[in-house]
Each structure stands twice: as C-alpha cells, then as structure tokens.
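Here are a few exercises to work through with the model open in your viewer. Try each task before reading its solution.

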Amino acid sequence: MNYAVETKDLTRIFRVKKRRRRRSESKGSEQDVTALKDVNLRIEEGELFGLLGPNGAGKTTLIKILCTLLLPTSGKAYVAGNDVEKDPYPIRRIINMVSGGETSGYGLLTTRENLWMFSQFYGIPSKEAKKRIDEMLEAFGIWDKRNAKVRTLSTGERQKANVIRGFMTDPSIIFLDEPTLGLDVNASRTIRKFISDWVRETSGRTVLLTTHYMMEADELCDRLAIIDEGGIVACDTPRNLKKTVSKASSLMFEADYLRDPDKLKGIEGIQNFTYKHNGQMNRTLLTFIVEDESAVADIVSRIVEQGAKIHSLEKREPTLEDVFVSLVGKGLA
Amino acid sequence: MKENLRTLLGAGWLGWQMEANWTDPFLFMIYSVAKPVSAALILVFMYIVILGGVATESTAFAYIFLGNAFFIYVGQVLFGVTWVIHEDREHFQTLKLIYISPISFYYYIIGRAGSKILIATVAVVVTLLFGIFILGIPVDAFTMDWALLVLCLTVGMACLVSIGIALAGITFMTAKHSGGINEGIAGLFYVFCGVVFPITQLPAWGQSLGYAIPVTYWLEAMRKALLPAQQLEGTGLHGIENFWLVALLAVSALFFYFLSILIFRLGDYLARRAGKIDMTTAY
Ligand SMILES: Nc1ncnc2c1ncn2[C@@H]1O[C@H](COP(=O)(O)OP(=O)(O)OP(=O)(O)O)[C@@H](O)[C@H]1O
Ligand SMILES: [Mg+2]
C-alpha cells in the first residue's frame with residue numbers, strides 16, 4: 001500500500017542570488033538557505049498529521065513541494081505513491097491546499113462566484129458544486145456573505161472561504177498551512193472541528209497540517225512531527241511525545257527583569273530552559289524542564305544572585321510545548 | 001475532454017467578469033475599443049504624412065491600413081495572455097491555486113484570453129469600418145472572400161494564442177511583470193511580418209525570419225480575403241494561390257504551436273524549480 005505522503009531524504013535549498021557581480025564572492029554558499037534537509041516522513045492514509053515548528057523551520061516549503069508548486073533540490077517526495085517531480089498531474093487530482101493569512105481570491109467576484117469558479121477546475125458539475133458551496137457557506141457561518149464581493153470580506157471571512165475552497169473539491173489529501181492563523185477563538189474552533197470531523201467522516205481522507213499552536217496540534221493531530229531548521233527532530237503521537245518528557249516536570253518562574261538569564265544555563269538536573277522578557281511589567285518569565293526537582297534550590301539561588309525577586313513559581317504537567325522546548329531548545333511563541 | 005471544456009468555460013467566464021467589471025459600459029467601450037482603434041489610426045495617419053499624402057484609395061494605402069488594423073489582434077492577445085499570469089500571481093494571488101488544480105493550463109489561458117479576443121475583434125471591426133467608410137478603402141462585402149477570412153482568422157487566433165502560451169511560460173519565470181516580453185515580440189512581428197511594408201524590403205536574413213513567422217502569412221491572407229482583386233505586388237507572397245497561402249500559414253502555425261508547448265514546459269519547469277509560481281514581489 002502507498003503512503004499518503006512519503007519523503008526520502010528530501011532536501012530543498014534556495015539559492016539566493018547576490019547583487020554583487022564579483023566572482024570571488026559569488027562562490028560562497030553562505031547565501032544559500034537550506035529550508036529542508038534530508039527529511040524522511042511517512043504519513044499513512046487516513047491520518048491527521050501535524051507539522052509543528054518555529055518560524056523558518058521549513059513547514060511551508062515542505063507543503064509547497066508536496067502540492068507540486070516547488071521542486072525538491074534533491075531527495076524524493078511521493079504523494080499517494082506519485083513522484084511530485086515526475087507525476088504532478090495525478091497528484092493534483094486528489095489534493096488541495098489552504099494556507100492561512102493570505103489574501104488570495106478574485107476580489108471582484110462574490111464569495112459564491114469565486115468558489116464556483118474554482119470548483120469548475122476540479123470538474124465538479126456546476127449544480128453539484130453550487131449545492132456543496134451553499135452547504136459549506138452555511139456550516140462556516142458566512143452564508144450571509146455569499147453575495148458579497150470577496151474584496152469586502154474581513155480577514156476571517158476570507159479565510160473561511162479559503163477553507164471552503166480547499167474542502168469543497170473533496171480531496172483525498174489536503175494540505176493546510178496554518179489554517180487558523182489570525183482567526184478569533186470561535187472561528188478557529190469552527191475550523192478545527194470541521195477538520196477533525198472531515199477526516200473521520202470517510203475513511204481514507206488524509207490531512208497534513210502545519211501550526212504554531214501547541215493546543216491545536218495536541219487537540220487535533222493523530223501524529224506529529226516536530227521540525228526545526230529543516231529537519232525532523234521527533235515524530236510520534238502527541239501522547240507519546242509528552243511521555244518522553246514526563247519523567248521531567250516543568251517549572252515556571254516569574255521574576256524581576258533579569259539582565260542575564262543565560263547565566264542560568266548549565267545547572268545540574270535541568271533538561272532545558274527558555275525565558276521571555278516582559279518589558280512592560282519589567283519581569284522575566286522562565287520555564288525550566290527539570291529531571292530532578294532538587295534543581296529548584298539551585299535555580300532559586302541563581303536568580304536571587306542576580307538581585308531579582310521571584311514573584312511566582314508554578315509546576316505543570318508536561319505539555320507539547322515542553323516537548324518542543326526539550327527537543328528544539330527554544331520556545332515557539 | 002469534458003473537464004477541459006469546464007476549465008475553458010470557467011476561465012472564459014472569469015475573463016469576461018474581469019473585462020466587464022466596469023460600472024459604466026460606455027467607459028468600458030472607450031477603454032477597450034477606442035484605445036486600440038486610435039492607436040492603429042494614429043499610425044496610419046503618420047504614414048500618410050510621412051509618405052507625403054498617398055491616395056487613401058490606393059493599393060499601397062490599403063496594404064498599410066489593413067496590416068495595422070489586423071495587427072491590433074497581435075498586440076492585444078500577446079499582452080492579454082502575459083497579463084493574465086501577472087495579475088493572477090501578483091494581484092489576486094490565485095496563480096498557485098490554479099496551478100495546483102488538475103487542469104490543463106492551456107485551456108485556462110485560452111478561456112481567459114477569449115474575452116480579450118472578442119473585444120479585440122470589436123476594435124478591429126471598428127477600425128475596418130472607419131477605413132472603409134471614411135477613408136474609402138474599397139472593401140466590398142459581396143466580392144470579399146469570406147471563406148478565406150473565417151478560415152485564416154481562426155488559424156491566426158489559434159496561432160496567436162499559442163505564441164501567447166509560450167510567453168506565459170516565460171512570464172512564469174520572471175517574478176516581476178515584464179511588459180517588455182510581449183511588447184518586444186509584438187514589435188518584432190511588426191517589423192518582420194509585413195505589417196506596413198512588404199518583407200521584400202528587409203535584408204535577406206530579415207526576409208527569412210519573416211517567412212518563418214505565421215503572422216506574415218496570416219496578414220497576407222487577411223488582406224487577400226478583404227480585397228481579393230487589389231493586391232500589392234512584390235510582397236514576396238504576391239500571386240501565391242490561396243490554397244498554398246493557407247497551407248503555409250497552417251504549417252508555420254503548427255510549428256509555432258509545438259515550439260510554444262516546448263517553451264511553456266521549459267518555463268513551467270524552471271519556475272517550479274526556482275519557486276516562482278507563487279512568488280509575489282509585494283509592491
Ligand atoms: N523563495 C525563497 N527564497 C529564499 N529563501 C526562502 C524562500 N522560501 C523560503 N525560504 C527560506 O527557507 C526557510 C524555510 O521557510 P518556510 O517558509 O518553509 O518556513 P516555515 O516553517 O513555513 O515558517 P513560518 O512558520 O514562518 O511560516 C526560511 O529560512 C526561509 O527564509
Ligand atoms: Mg510557513
């Protein structure tokens with residue numbers, strides 16, 4: 001059986017052209033960006049698979065390659081067994097893509113017209129398409145915008161219309177690049193619910209979704225890959241991923257502004273730590289993942305050494321965020 | 001096939017929505033028709049001045065006039081096709097969505113270009129009517145060769161669209177809109193295809209180039225269809241039988257068709273490699 005998605009040592013390098021002409025300089029490869037490096041991934045049919053990673057990790061690049069928009073530099077990528085490089089056409093028949101935070105669409109058409117037009121590129125009979133579109137406009141709560149010009153829609157309404165565009169063609173595999181980016185809580189929830197219902201409604205439907213939101217990944221995905229700097233650093237179910245850090249616990253400190261938080265590195269018993277400054281409050285938030293809680297004493301004394309007061313200390317059960325921090329060495333937000 | 005038809009109609013409908021998106025149909029007519037018509041007429045009047053007052057009824061003048069009138073199609077179609085790629089990518093940001101849909105891109109382009117051809121047709125007809133009724137070019141509906149006109153107009157349009165497809169492939173690769181490409185090609189055709197002067201006036205290499213481009217045969221066929229009895233001599237194609245003229249047009253058009261597919265595929269591949277399909281220059 002074919003995997004819905006399979007990649008073998010998939011690598012993508014962006015060659016960034018230099019403005020300068022000088023030969024001696026143009027040889028250097030420091031200008032090249034390696035967006036993906038030897039990525040090996042297998043997504044089964046029927047999975048709701050998540051890609052989690054910080055900005056610039058290579059998530060969008062991977063999606064573009066799988067959507068046949070971009071060619072790999074080396075390595076292979078297969079969608080439903082078809083090579084993205086050699087057989088893009090059979091792939092295009094069974095996929096669709098939605099990316100968040102974009103403004104695409106023919107602004108001069110109405111929401112319904114815009115969707116209808118795209119449906120025609122997927123060979124859906126006109127009547128059937130209109131029926132589907134109306135149902136989905138209703139389901140996403142933008143039925144009242146059906147005859148509004150696309151250019152007059154709000155960001156969230158546009159995004160919902162975009163999601164409809166992706167799902168209305170009934171793809172076997174859908175690629176969602178941060179589908180809830182910039183949406184309010186309700187809209188995000190509507191879309192998340194739709195995605196998880198959709199994938200379970202009929203067997204054989206596959207979703208590959210990228211996100212920044214840990215909650216979203218945790219709640220939605222059957223399996224997750226954590227990607228950083230173009231490489232997959234972990235791939236498992238959210239539960240198993242959390243298990244890997246469960247012997248550790250996570251401690252959150254809120255202290256006065258720390259001039260030099262990096263000094264807290266290298267305390268024994270700490271698996272990883274991150275910090276965030278809150279300039280407005282003049283505070284620093286520190287998150288430690290500790291294997292051994294006796295490290296607390298050391299942490300406290302190091303903070304106090306810097307002349308800062310500790311305002312609060314909280315212990316949490318491990319979350320995906322902790323998994324991420326322990327693997328990548330930095331937070332997501 | 002049915003799916004391609006759906007693409008064609010969907011794209012055609014979209015193209016028409018865009019063209020007719022003018023709130024005022026009068027302004028729309030002015031912009032889409034009067035502009036190319038006046039551009040063609042300005043050129044014609046310039047020639048009258050330069051040539052020191054040729055009789056507008058003369059064969060030479062008819063040659064220039066008809067060449068310019070039909071050349072409206074070349075400019076409009078080539079511009080139209082490259083513009084479609086540009087505005088889909090930059091303005092609407094839909095090019096990537098269309099690109100990943102399971103369509104034949106050719107049908108999409110043909111569909112989008114359809115309304116442009118229709119509007120260009122109105123412009124050409126208006127120009128011709130002006131020439132016939134105001135300037136007295138002796139075109140006669142009863143002596144005209146309608147069969148030749150319809151046949152060659154169809155082949156000519158197909159040929160222009162396929163040249164447009166090649167330009168679309170090139171436009172794929174250029175992130176910025178390069179109005180230069182279509183204008184450059186159109187300019188090339190204007191010089192080498194016997195629009196205002198017979199290609200026999202060109203140096204030998206230029207003549208060879210002219211004979212290789214279907215537009216040359218197409219314009220000659222258009223003139224012959226409209227004025228069967230009044231043909232300029234020494235055009236290099238004078239006296240050729242209609243059958244052979246059509247055959248030459250068809251063969252060169254076919255050659256350009258295959259060439260354009262090749263160029264499109266190459267452009268498509270290079271654009272996909274460079275990641276230019278969804279690139280916006282964000283201006
Ligand atoms: N067309 C391009 N030219 C040059 N570099 C590029 C191009 N596209 C992406 N990159 C680089 O490749 C890397 C990966 O980018 P990508 O968009 O895949 O990240 P991402 O994981 O989607 O990030 P984000 O969470 O911010 O969306 C980045 O360093 C980016 O700057
Ligand atoms: Mg991204």
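**Exercise 1. Polar contacts of the ligand**

Task: In this predicted model, find how far a polar side-chain atom of A:Glu178 lies from an oxygen atom of ligand 1.

Solution:
- Start with A:Glu178: one of its polar side-chain atoms sits 3.4 Å from a ligand 1 oxygen. The cut-off for a polar contact is 3.5 Å between N or O atoms.
- Now go to A:Thr61, where a polar side-chain atom comes to 2.5 Å from an oxygen atom of ligand 1.
- Finish with A:Gly58, which uses its backbone: a polar atom there is 2.9 Å from an oxygen atom of the ligand.
- Then look at cover. On its own, ligand 1 has 630 Å² of accessible area, and the protein covers 67% of that.

**Exercise 2. The shell around the ligand**

Task: Work out which element gives the largest share of the shell around ligand 1.

Solution:
- Count the neighbours of ligand 1 and you get 13 residues. The closest are A:Gly56, A:Gly58, A:Lys59, A:Thr60 and A:Thr61.
- Sort the shell by element: strand S2 (33-43) and helix H2 (59-66) of chain A are the ones that give two or more residues.
- Pick the winner: H2(A) supplies 3 residues, the largest share.

**Exercise 3. A salt bridge between strands**

Task: Which side chain meets that of A:Arg42 in a salt bridge, and where do the two residues lie?

Solution:
- The idea first: side chains of opposite charge can pair when their charged atoms come close.
- The partner is A:Glu6, with 3.2 Å from N to O.
- Place them both: A:Arg42 belongs to strand S2 of chain A and A:Glu6 to strand S1 (residues 5-14), so this pair, 36 residues apart, links distant parts of the chain.
- Check the surroundings. A:Glu6 counts as buried because its relative accessibility is 13%, under the 20% limit. A:Arg42 has 45%, so it is partly exposed.

**Exercise 4. Two more bridges and a network**

Task: Are A:Asp83 and A:Lys86 buried or exposed?

Solution:
- Find the pair: A:Asp83 and A:Lys86 form a salt bridge, with 3.7 Å between the closest N and O atoms.
- Classify each one. A:Asp83 is buried because its relative accessibility is 8%; A:Lys86, at 59%, is exposed.
- Compare with A:Asp262 and A:Lys265, whose side chains meet in a salt bridge at 3.8 Å, N to O. There A:Asp262 is partly exposed at 36%, and A:Lys265 is exposed at 54%.
- Look for shared partners: salt bridges join A:Lys76, A:Asp83 and A:Lys86 into one network.
- For the full tally, the model has 22 salt bridges over all chains.

**Exercise 5. A nonpolar patch on chain B**

Task: Find the residues that form a nonpolar patch on the surface with B:Met46, and say why B:Met46 counts as partly exposed.

Solution:
- The other members are B:Ile42, B:Ile50 and B:Leu51. Together the patch has about 410 Å² of accessible area.
- Locate B:Met46: it lies in helix H2 (residues 25-50) of chain B.
- B:Met46 is partly exposed because its relative accessibility is 42%, in between the 20% and 50% limits.

**Exercise 6. Domains of chain A**

Task: How far apart are the C-alpha centres of domain 1 and domain 2 of chain A?

Solution:
- Take the bounds: domain 1 covers 5-244 and domain 2 covers 247-317.
- The two C-alpha centres are 37 Å apart.

How values were computed
Residues are numbered from 1 along each chain as its sequence is written. Chains are lettered from A and ligands numbered from 1 in the order in which they are written. This is a predicted model: local features need pLDDT of at least 70, side-chain atom pairs count only at pLDDT 80 or more; totals for chains, interfaces and linings use all residues. Side-chain values use heavy atoms; hydrogens and water are left out. Domain bounds come from an automatic or database domain assignment. Patches are made of residues with over 30% relative accessible area and no salt bridge: like charges are joined within 9 Å, nonpolar side chains (Val, Leu, Ile, Met, Phe, Trp, Tyr) within 5 Å. Accessible areas come from the Shrake-Rupley method with a 1.4 Å probe; for residues, only the protein chains shown count as cover. A salt bridge is a side-chain nitrogen of Lys or Arg within 4 Å of a carboxyl oxygen of Asp or Glu. Helices (H or I, at least four residues) and strands (E, at least two) are DSSP runs, numbered from the N terminus. Buried means under 20% relative accessible area, exposed over 50%, partly exposed in between (1.4 Å probe, protein chains only). A residue is near a molecule or strand if one of its heavy atoms lies within 4 Å of it. A polar contact is a pair of N or O atoms within 3.5 Å; within protein, one must be able to donate a hydrogen and the other to accept it, and residues adjacent in sequence count only if both atoms are side-chain atoms.
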